[in-house]
Amino acid sequence: MNVSPCGHPAPAAGTWTTRPCPVTPLNDRCLVPVPGGWLALTEAGFVRIDDEDQWLLGPVEPAEERDVERYDRPDRPRGPALHASADGRFAAVVSDYGQYGTVVDLAEWVTVLDLDRDWDDNEWTRYPFAFLDGGRFAAATACDRLDVFDAATGRLLTEHADDSGYYFGAVLPSPSGRSLLVDGWAWHPVGIPLVIDCAAWLAGDRNPAQLADRGDVWDEPMVWLDEETIALQGIGSERPPLDGVEVRAAASGRLLGQFAGPKGRMWAHGGLLYVAAEAGLEVWDPTEGARIGLLEGFAPIAHHDGSFAELRNDQLRIWAPVG
């Protein structure tokens, strides 16, 4: 891959759907897809949104964060992040760069489990949480421990392990759900993304694949391009990293290529990268390292199967690429 010139790409081709939707998520991490629509976390609680209407499911009261000494990280504000299971039955509200979380059964309207990853150095990473297939979820239970639970009962499914010395961050399942891409760091400190084989992990193998030594770089956007390939934002080993993306093999961590340019939250669909950049939603071809499309002014905060959703100014706007 070569470094891409910025250029002036044509507007990305796609279809738009817009409708009134007076719903205000607490932040850009509080809108997620569920079957038939979206789920938002607002000041009033969980709000379900479909193609024609929206309604309040009920309130949620996350645990209040401790007022502990923190490093000043204005670029990484502590705040709630919303997750939902693929079937829409379960939701989790966790505190990114914080300590606590809550998993809720929306069908029975009960709390499944309250989460606590301890206070040690949690301001450096998003809260490690992901819903998995088979009615399970992965969540941090200490700053350096990640466990798997049964979503219906909250029962712990992983055995106790010694402290790993690895500080877990964001967790992202692969398209098939067979693997987890994990952001995090270890002393002294150094950013080390991991890939965990879920079946092996549940069988007791706690030796994930280490993809790279990224120096002082972690807590940057990441995405699965496909089952075998990942994209990690940020080039270089010093903070702040250069704007751009590394493409690596998930099994070995081998660097397949890198290109300058992308900066912002990322999603993948159909072999392309979509980046919520300052100017709008950028479309990148990771094979060529080229920006091939731009939707100026469009700022989506959620994605599902090629549909990108923006919720602001009492309007829900959804764009889906052609093909």
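Me: What makes the charged end of Arg-239 count as sitting over the ring of Trp-218?
Reply: A charge sits over a ring if NZ of Lys or CZ of Arg is within 6 Å of the ring centre and within 35 degrees of the ring normal. The charged end of Arg-239 is 5.3 Å from the centre of the Trp-218 ring and sits over it, so the pair fits the term. This is a predicted model: local features need pLDDT of at least 70, side-chain atom pairs count only at pLDDT 80 or more, and totals for chains, interfaces and linings use all residues. Residues are numbered from 1 along each chain as its sequence is written, and side-chain values use heavy atoms, leaving out hydrogens and water.

Me: Which aromatic cluster includes Trp-218?
Reply: Trp-218 shares one with Trp-124, Tyr-167, Trp-185 and Trp-187.

Me: How many aromatic pairs are there, and why is Phe-131 with Phe-137 called edge-to-face?
Reply: There are 17. Rings of Phe, Tyr and Trp (its six-membered ring) pair if their centres lie within 6.5 Å; planes under 30 degrees apart are stacked, over 60 edge-to-face, and the rest tilted. Phe-131 and Phe-137 have centres 6.1 Å apart and planes at 75 degrees, so they are edge-to-face. Trp-185 and Trp-187 are edge-to-face too, because their centres are 5.2 Å apart and their planes are at 80 degrees.

Me: How do you know whether Trp-185 is buried or exposed, and Trp-187?
Reply: Buried means under 20% relative accessible area, exposed over 50%, and partly exposed in between (1.4 Å probe, protein chains only). Trp-185, at 2%, is therefore buried, while Trp-187, at 55%, is exposed. Phe-131 has 13%, so it is buried, and Phe-137, at 0%, is buried as well.

Me: And why is Trp-109 called partly exposed?
Reply: Its value is 35%, so it falls in the middle class. Trp-109 lies in the loop between β8 (100-105) and β9 (110-116); strands (E, at least two residues) and helices (H or I, at least four) are DSSP runs, numbered from the N terminus.

Me: What makes strand β3 largely enclosed?
Reply: Five of the five residues of β3 (residues 37-41) are buried, so the rest of the structure largely encloses this strand.

Me: How do you know that β3 pairs with β2 and β4?
Reply: Two strands pair if DSSP finds at least two bridges between them. Four bridges join β3 to β2 (residues 31-34), and four join β3 to β4 (residues 46-49), so both meet the rule. Each pairing is antiparallel. Trp-38 of β3 stands opposite Pro-33 and opposite Ile-49 in β4.
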